[in-house]
Amino acid sequence: MDSGLISKAAHEIGVTQPAMSKLIQQIEAELGVRLFERSRGRLFATPEANYLRNVANSVLNQLNDATRFLQDYGNMRAGDLRVLSIAGPALFFMPNLINEFVPELSQVKASLMAWHSANIVNWISNHQSGVGLVEIYDSNPFLKREELDLRCVCAIPRSHKLAAKDLVMPRDLVRENLALIVSDHPLFKDIQSAFSAANCQMNVQFQSDLFVSQFTMIEERGLIGIIDPINVRNYQIYSRGSDNIVFRRFEPRIGLKLTVVSPSLRPLSVLENEFKSVLVKELTKIADPPFR
């Protein structure tokens, strides 16, 4: 119908003219309707043929759209990316990582939800969708897990005398006012154990459930914190490279244990799987910061 001639149509699809005529006859026999009428040596389309052509064009357009979408999906320029994270990383670290990961002008729809670990585990376990970052790392048959242990560092005001040290230990902090995570957090208990093992007392002046809240107290009140590398990155992002707070190595080693979780019963999409790899790679890279 587009070419106007059987011979031209046969050439366009790479068959002989008799084969094209036979193909039309086979379609007519299968449908039970005439598609073309011959008049004065030419074929003229019937109303049934026009109807079929419109339907065929619609199907082909949908197929072409689907093909382009899947190609974009494979190239990570389309699709849905659902990320679930505990609150701290969701403030600056995770949005920054998603921003760097998702190509500009792409059709990717990204979402980031800040939930408690238990809620993230329940959601991914039940829906078998998304990539999550949680604090708990117990075995779960509905989840794949990649465990990480991120070494914590000492956050010190730049003007403080301890900023000149390469290594900070509990004995250096005995007379210092501390800003720490809340007491029921596993990390607080590890810090407490480190001080106890060194026969040192902690003087905790400020506690919060988010490390980011401590930065103001460290900058303005001269407090000293012990924080994980993700929140070092949070500070670097939100402060736009400010050096009001410096970070120094802390001994003994105290680690924040995190787990990247994903569904175990359903494969991740190309987009989700690649983001998970990027997330694990980034967390691994910062797990043992090269601070002085």
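This report walks through a surface patch, a buried helix and a buried loop residue in a predicted model.

## A nonpolar patch on the surface

Let's start on the outside. Ten names make up the list here: Ile-13, Val-15, Leu-23, Ile-27, Leu-31, Val-33, Tyr-51, Leu-52, Val-55 and Val-59 together form a nonpolar surface patch with about 810 Å² of accessible area. Two or more of these residues come from each of helix H2 (17-31) and helix H3 (47-74). H3 is the top contributor, giving 4 residues to the patch.

Val-15 is one of the patch members, and you'll find it in the loop between helix H1 (6-13) and H2. How accessible is Val-15, in relative terms? Its relative accessibility is 35%, so Val-15 counts as partly exposed; that class sits between the 20% and 50% cut-offs.

## Helix H8 and its buried residues

Now for the inside. Helix H8 covers residues 212-221, and its buried residues include Val-212, Gln-214, Phe-215, Met-217 and Ile-218. Right after H8 comes Gly-222, which has a positive phi, near 75 degrees.

Ile-218 is worth a separate look. This residue lies in H8, and it counts as buried because its relative accessibility is 0%, where buried means under 20%. What does Ile-218 touch, once neighbours within four places in sequence are set aside? The contacts are Ala-155, Ile-156, Pro-157, Ala-179, Leu-223, Gly-225 and Ile-245. Take Ile-156 from that list: Ile-156 and Ile-218 are 62 residues apart along the chain, yet their C-alpha atoms are separated by 6.9 Å.

## Gln-128, a buried polar side chain in a loop

Gln-128 is in the loop that links helix H6 (117-127) to strand E5 (131-134). Is this residue buried or exposed? With 9% relative accessibility, Gln-128 falls under the 20% cut-off, so it counts as buried.

Which backbone atoms does its side chain reach? One is the backbone oxygen of Phe-142, at 3.1 Å from the Gln-128 side chain. Another is the backbone nitrogen of Ser-264, which the Gln-128 side chain reaches at 3.4 Å.

Phe-142 and Ser-264 also turn up among the residues that Gln-128 touches, leaving out those up to four places away in sequence. The rest of that list is Trp-123, Pro-263, Leu-265 and Arg-266. Put together, Gln-128 is a buried loop residue with side-chain polar contacts to the backbone of Phe-142 and of Ser-264.

Note on methods
Residues numbered from 1 in each chain as written. Predicted model: local features only at pLDDT ≥ 70, side-chain atom pairs only at ≥ 80, totals over all residues. Heavy atoms only, no water. Patch = residues over 30% accessible without salt bridge, like charges linked within 9 Å, V, L, I, M, F, W, Y side chains within 5 Å. Areas by Shrake-Rupley, 256 points an atom, 1.4 Å probe, with all protein chains shown as cover. Salt bridge = Lys/Arg side-chain N within 4 Å of Asp/Glu carboxyl O. Buried < 20%, exposed > 50% of the residue type's maximum accessible area, 1.4 Å probe, protein only. Contact = heavy atoms within 4.5 Å. Polar contact = N/O pair within 3.5 Å; in protein donor to acceptor, adjacent residues only side chain to side chain.
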